[in-house]
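Here is a quick tour of a protein model, working from the outside in. Have the viewer open and follow along.

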Amino acid sequence: MARGAVAAVLLAPFGAHAADNTTDFGSRILRQKPAVITGISGLSEADKGRVTLNAFAECMVGRSPGRVQTYLSMKADESHTEVYLDDFVVNSKCLGNGALTIPSVLMRGAIFRALYLRDFAKDPAGLAAVPIDFSVYASQDSDYYRRVSFGDCVARADFSTSAQFVRAQVGSTAENKALQQLKPRLSECLAKGASLTLNKSTLAAMLAEAVYREAQVGAATDSSGTMQ
């Protein structure tokens, strides 16, 4: 694996993912099954990859929430964070047969999407009172900071549609509709003179982190603007 660039992932190709009872030191413990992929016929190759990645991330979040939180507490642009993610991916027990190479930025976004689905899919939260300070998570001159700040601008401009895009099924009518509604916000949030290479996969990663962090702070703040 190239540190800071990609993470190698092995995934089971077919089936439905759910919980599984496995034996560990003589006890019956509820475990998340390795990621398995269904419903990808008719999708583009890029969308098939996103389905695979999302399933893998959901397995990681379900199996190892502590490791996920440790990873997210690290500075996103530091080399030891990428080393940690590589190790987490390889030793996540979400591995099956086959192989996939994933850019780490997309892996990160998929983890945030899985967290959003876990924590807010049934009870969507609103925006934080003020924009998230992403300098807490990376230096302001890093590519990560520019990407996620852009995503946060889009999310704050239209949080409802951004959240719909994040939680929508990959390649679905709902996802494509949300994307069309967000397009005007994309140009509005791009700083004058700046350039940013975007495709649906990278936009999904940017928005997933922004939407989750906004919802997390928003959920912890009551209507008077004070922390609960």
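## Surface and overall build

The accessible surface of the protein adds up to about 11,400 Å², and carbon and sulfur atoms own 54% of it. Areas here come from the Shrake-Rupley method with a 1.4 Å probe, and for residues only the protein chains shown count as cover. Bear in mind that this is a predicted model: local features need pLDDT of at least 70, side-chain atom pairs count only at pLDDT 80 or more, and totals for chains, interfaces and linings use all residues. Residues are numbered from 1 along each chain as its sequence is written, and side-chain values use heavy atoms, with hydrogens and water left out.

The protein has 8 helices and 4 strands (DSSP runs numbered from the N terminus: H or I of at least four residues for helices, E of at least two for strands). Read from the N terminus, the order is β-β-β-α-α-α-β-α-α-α-α-α. Of the 228 residues, 43% are buried; that means under 20% relative accessible area, with exposed being over 50% and partly exposed in between, using a 1.4 Å probe and protein chains only. Take the contacts (heavy atoms within 4.5 Å) between residues at least 6 apart in sequence, and 71% of them join residues at least 24 apart.

## The nonpolar cores

How many residues does the largest nonpolar core have? It has 48, and those with the most contacts inside it are Met60, Met107, Ile111, Leu115, Tyr116, Phe165 and Leu207. A core here is a set of buried Ala, Val, Leu, Ile, Met, Phe, Trp, Tyr and Cys residues joined through side-chain atoms within 4.5 Å. Helices 1 (45–63), 2 (65–72), 3 (79–90), 4, 5, 6, 7 and 8 each chip in at least two residues, with helix 8 giving the largest share, 10 residues.

Met60 makes a handy place to zoom in: leaving out residues up to four places away in sequence, Met60 touches Pro65, Val68, Phe88, Val89, Ser92, Cys94, Met107 and Ile111. There is also a second, separate core of 9 residues, with Ala76, Ala128, Ala138 and Tyr145 among them.

## Two cavities

Rolling a probe the size of a water molecule over the atoms shows where empty space is left. Here that turns up 2 cavities of 30 Å³ or more. A cavity is a set of points, on a 1 Å grid over the protein atoms alone, where a 1.4 Å probe fits but cannot get out, and lining residues have an atom within 4 Å of a point. Grid points are joined across faces, edges and corners, and the volume is the space filled by probe spheres set on the points.

The largest cavity holds about 170 Å³. It has 15 lining residues, and closest to its centre are Arg50, Asn54, Ser201, Ala204 and Ala205. Helix 1, helix 4 (104–120), helix 6 (159–167) and helix 8 (200–219) each give two or more residues to that lining, which splits into 9 nonpolar, 3 polar and 3 charged. (Ala, Val, Leu, Ile, Met, Phe, Trp, Tyr, Cys and Pro count as nonpolar, Asp, Glu, Lys and Arg as charged, and the others, Gly among them, as polar.)

The second largest cavity comes in at about 80 Å³. Its lining is made of Val105, Arg108, Gly109, Tyr144, Arg147, Val148, Ala205, Met206 and Glu209. Helix 4, helix 5 (143–157) and helix 8 each supply two or more of these.

## Buried glutamates

Glu175 sits in helix 7 and counts as buried because its relative accessibility is 1%. Beyond its neighbours within four places in sequence, Glu175 contacts Arg50, Phe165, Ala168, Gln169, Val170 and Lys200.

Glu214, in helix 8, is buried too, at a relative accessible area of 0%. With the neighbours within four places set aside, its contacts are Gly126, Leu127, Ala128, Val130, Pro131, Ile132, Asp152, Arg156 and Phe159.

## Out in the loops

Leu196 is in the loop between helix 7 and helix 8, partly exposed at 31% relative accessible area. Leu196 and Arg146 are 50 residues apart in sequence, yet 9.2 Å apart in space, C-alpha to C-alpha.

Lys93 lies in the loop between helix 3 and strand 4 (100–103). It has a phi near 65°, a positive value in a residue other than glycine, and Lys93 is exposed at 58%.

Key: 1 Å grid on protein atoms, 1.4 Å probe; cavity = no way out; pocket = protein on both sides within 12 Å on 5 of 7 lines; lining within 4 Å.
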